[in-house]
Amino acid sequence: MILNGVPVRDQALAELAALGAGSGDALGLLVQTRQVAVFADQVLGQLARLAGLVDATGAYAEAGYSSAAAFLRHGCGRSPGRAGELVAVGRALRRSGATGAALDGGQVSFDAAHVICRAAGQIDDRDRAAAAEQEMVAAAADGLPGSRPVPDDGWRRP
């Protein structure tokens, strides 16, 4: 996507690179750092979604890879562990709405989404899995370890 003749990705990276420059306000620096962490988790969520599509369609085979995780390792430079997490979350996001929406909205971290997807995925009954997923998402968004408040809310460490 291009906006004003410049790819949106390049614009976002330029804005991120300018954060923190000359900032004398410690709280402002913490808020900026938190915002970037939320954005990074949202980007990982999108990468997981794409990894799930690569996995589901078998697109990795077109380039000679044995699996979606192998493509992420060798074609995208992800570590073996991260590649597996991305594929697992991508698969789970195809079945789940609550975790994906919370990740997209910045209410839960990618790591929390990964744990939620793994836990809910171990429940055989679909209705119970969906209910458990919603409870875990709500708990993560409401303040269990690993959750976070909305970035612009004047967050302060307790």
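Q: In what order do the elements of the protein run from the N terminus on?
A: Read the elements along the chain before looking at the fold. In this predicted model, the order is β-β-α-α-α-α-α-α-α. That comes to 7 helices and 2 strands.

Q: How many residues of the protein count as buried, as a percentage?
A: Take the chain as a whole before any single residue. The protein has 158 residues, and 28% of them count as buried.

Q: What supplies the area that the protein exposes?
A: Ask for the total, then for the atoms behind it. About 9700 Å² is exposed. Carbon and sulfur atoms provide 55% of that area.

Q: How do I read contacts against sequence separation? What share of the contacts with a separation of 6 or more comes from residues 24 or more positions apart?
A: Set a minimum separation, then see what share spans a long stretch of chain. Here, among contacts with a separation of 6 or more, 57% join residues at least 24 positions apart.

Q: Now a single residue. Where is Ser 109 found?
A: Place a residue by the elements on either side. Ser 109 sits in the loop that links helix H5 (98-104) to helix H6 (110-121).

Q: Is Ser 109 buried or exposed?
A: Compare its relative accessibility with the cut-off. Buried means under 20%. Ser 109 has 9% relative accessibility, so it counts as buried.

Q: Which atom does the side chain of Ser 109 reach?
A: Look for a partner and a distance. The Ser 109 side chain reaches the backbone nitrogen of Ala 112, at 3.0 Å.

Q: What volume does the largest pocket have, and which residues are closest to its centre?
A: Start with volume, then go to the lining. The largest pocket has about 260 Å³. Its lining counts 14 residues, and the closest to the centre are Arg 95, Ala 120, Arg 126, Ala 129 and Ala 130.

Q: Which helices each supply at least two residues of that lining, and how does the lining divide by class?
A: Map the lining onto elements, then onto chemistry. Helix H4 (80-95), H6 and helix H7 (126-141) each give at least two residues. By class, the lining of the largest pocket holds 7 nonpolar, 3 polar and 4 charged residues.

Q: Which residues line the second largest pocket?
A: Apply the same steps. The second largest pocket holds about 150 Å³ of space. Its lining is Arg 9, Ala 12, Leu 13, Leu 16, Phe 39 and Val 43. Helix H1 (8-18) and helix H2 (26-57) are the elements that give two or more of these residues.

Q: Which element gives the largest share of that lining, and what are the classes?
A: Count by element, then by class. H1 gives the largest share, 4 residues. The lining of the second largest pocket has 5 nonpolar residues, no polar ones and 1 charged.

Terms used. Residues numbered from 1 in each chain as written. Predicted model: local features only at pLDDT ≥ 70, side-chain atom pairs only at ≥ 80, totals over all residues. Heavy atoms only, no water. Buried < 20%, exposed > 50% of the residue type's maximum accessible area, 1.4 Å probe, protein only. Polar contact = N/O pair within 3.5 Å; in protein donor to acceptor, adjacent residues only side chain to side chain. Contact = heavy atoms within 4.5 Å. Areas by Shrake-Rupley, 256 points an atom, 1.4 Å probe, with all protein chains shown as cover. 1 Å grid on protein atoms, 1.4 Å probe; cavity = no way out; pocket = protein on both sides within 12 Å on 5 of 7 lines; lining within 4 Å. Points joined across faces, edges and corners; volume = space filled by probe spheres on them. Nonpolar A, V, L, I, M, F, W, Y, C, P; charged D, E, K, R; others polar.
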